[in-house]
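Open the structure in your viewer and keep the selection tool at hand. Each stop below says what to select next and what is there.

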Amino acid sequence: LEVYTASSSADDSGENGDTSVSFSDGTGTGCVVLSDGMGSGRSAAFESRLVVKLFRRLISSGMRCDAAVRLINAVMLTKSKEESFATLDALLIDLDNGGMTVIKSGAAATVIRRGRDVIRISTTTFPVGISEKSELFTAEQEFGTGDIAIMFSDGINENEYLFIRELLLCGDDLKRIVDEICSKADRFSPNIRNDDITVIGVRIVEN
């Protein structure tokens, strides 16, 4: 599993509120996880690190995704009297047979290039820690050698999607694609105030 990540902070502090990790669950499944904490900076980073750390530990221990998200949601709700939440975005990829499960709780869209087709997977769910009832979106997708998936910590609008689609259809350099998307994210942002940005590119390569 080839994974490349690029990120930028909302201010000059260098503190990014997003957390990402890639790992294997020990059964032939490659996992890529991204979480965007509430707000930006150090406090957001604490929330997102907690979500990613718990998800990795629970999935690696063999827990089902829906049960893991429910438990993480309960932890986020009870750990503090103050409001705290974070998105959860994960790709679980079968490295032996191909195929991918997309998991989202309040997360931004995922863009997938499969052959000459580019699709966008999006959903409207709440982040973990915002409601007593956890919401989880899952989708099964074909995903094989050479296919590329792009994950984001923030939403993308239609103009940015067209730009990303063009990048994916015109080249295979994963690092360049991810760096280009991250460096130009502010141009497409509808918000006056900048936010932390993380972009992850994922591809299966033959061993």
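The tour goes from the whole chain to strands, a helix, a loop and charged pairs.

**Stop 1: the whole chain**

Select everything. Keep in mind that this is a predicted model. Show it as a cartoon: the chain has five helices and 10 strands. Its radius of gyration is 16 Å, close to the 17 Å that the globule rule gives for 207 residues, so the chain is as compact as a globular protein of that length. Along the principal axes, the C-alpha atoms fill a box of roughly 50 × 45 × 25 Å. Now colour by burial. Of the 207 residues, 50% count as buried.

**Stop 2: the five-stranded sheet**

Next, select E2, E3, E4, E5 and E8. These strands make an open sheet in the order E2-E3-E4-E5-E8, with antiparallel pairing. Look at the edges: they are E2, residues 18–24, and E8, residues 137–141. Each of these edge strands pairs on one side only. Ignoring direction, neighbouring strands of this sheet are turned by 10° against each other on average.

Zoom in on E3, residues 29–36. Six bridges join E3 to E4, and the two run antiparallel. Which residue in E4 is the bridge partner of glycine 30? Select isoleucine 93 to see that partner.

**Stop 3: a buried charged pair**

Stay with E4 and E5. Select lysine 104 and aspartate 89, and show their side chains. The two form a salt bridge, with the closest N and O atoms 2.9 Å apart. Lysine 104 lies in E5, residues 100–105, and aspartate 89 in E4, residues 88–94, so the pair ties together parts that are 15 residues apart in sequence.

Are these two residues buried or exposed? Buried means under 20% relative accessible area. Lysine 104 has 0% relative accessibility, so it counts as buried. Aspartate 89, at 1%, counts as buried too.

**Stop 4: strand E10 and its partners**

Now select residues 197–203, which form E10. This strand is mostly covered: seven of its seven residues are buried. Turn the view and check both faces. On one side sit Ile197, Val199, Gly201 and Arg203. On the other are Thr198, Ile200 and Val202.

Add E1, residues 2–8. Seven bridges join E1 to E10, and they run antiparallel. Pick valine 3: its bridge partner in E10 is valine 202.

Then add E9, residues 148–152. E9 and E10 also pair in the antiparallel sense, over five bridges. Click isoleucine 148, which stands opposite arginine 203 in E10.

**Stop 5: a long link in sequence**

Keep arginine 203 selected and add glutamate 2. They form a salt bridge, and their closest N and O atoms are 3.1 Å apart. Glutamate 2 is in E1 and arginine 203 in E10, so this pair ties together parts that are 201 residues apart in sequence. How do the two ends differ in burial? Glutamate 2 counts as partly exposed, at 29% relative accessibility. Arginine 203 is buried, with a relative accessible area of 11%.

**Stop 6: another charged pair**

Move on to glutamate 180 and lysine 184. Here too there is a salt bridge, with the closest N and O atoms 2.9 Å apart. Glutamate 180 counts as partly exposed, at 23% relative accessibility. Across the model, the count comes to six salt bridges.

**Stop 7: helix H2**

Select residues 65–78, which form helix H2. At 1.5 Å a residue, its 14 residues should span 20 Å. Its end C-alpha atoms are 20 Å apart, which agrees.

Where do the buried residues of H2 lie, seen down its axis? Show Cys65, Ala68, Val69, Ile72, Asn73 and Met76, which are buried. Look along the axis: the buried residues fall within an arc of 135°, so they line one face of the helix. An α-helix has 3.6 residues a turn, so residues three or four places apart point the same way.

**Stop 8: an exposed glycine**

Finish at glycine 26, in the loop between E2 and E3. At 68% relative accessibility, glycine 26 counts as exposed. Draw a distance from here to asparagine 73. C-alpha to C-alpha, the two are 25 Å apart in space, and they are 47 residues apart in sequence.

Definitions and conventions: Residues are numbered from 1 along each chain as its sequence is written. This is a predicted model: local features need pLDDT of at least 70, side-chain atom pairs count only at pLDDT 80 or more; totals for chains, interfaces and linings use all residues. Side-chain values use heavy atoms; hydrogens and water are left out. A salt bridge is a side-chain nitrogen of Lys or Arg within 4 Å of a carboxyl oxygen of Asp or Glu. Helices (H or I, at least four residues) and strands (E, at least two) are DSSP runs, numbered from the N terminus. Buried means under 20% relative accessible area, exposed over 50%, partly exposed in between (1.4 Å probe, protein chains only). The expected span of a helix is 1.5 Å times one less than its number of residues. The arc is that of the directions from the helix axis to the C-beta atoms. Two strands pair if DSSP finds at least two bridges between them. Axes are lines fitted to C-alpha atoms, for helices over the stretch in contact, and angles run from 0 to 180 degrees between N-to-C directions. The radius of gyration is taken over C-alpha atoms; the globule rule is 2.2 Å times the number of residues to the power 0.38.
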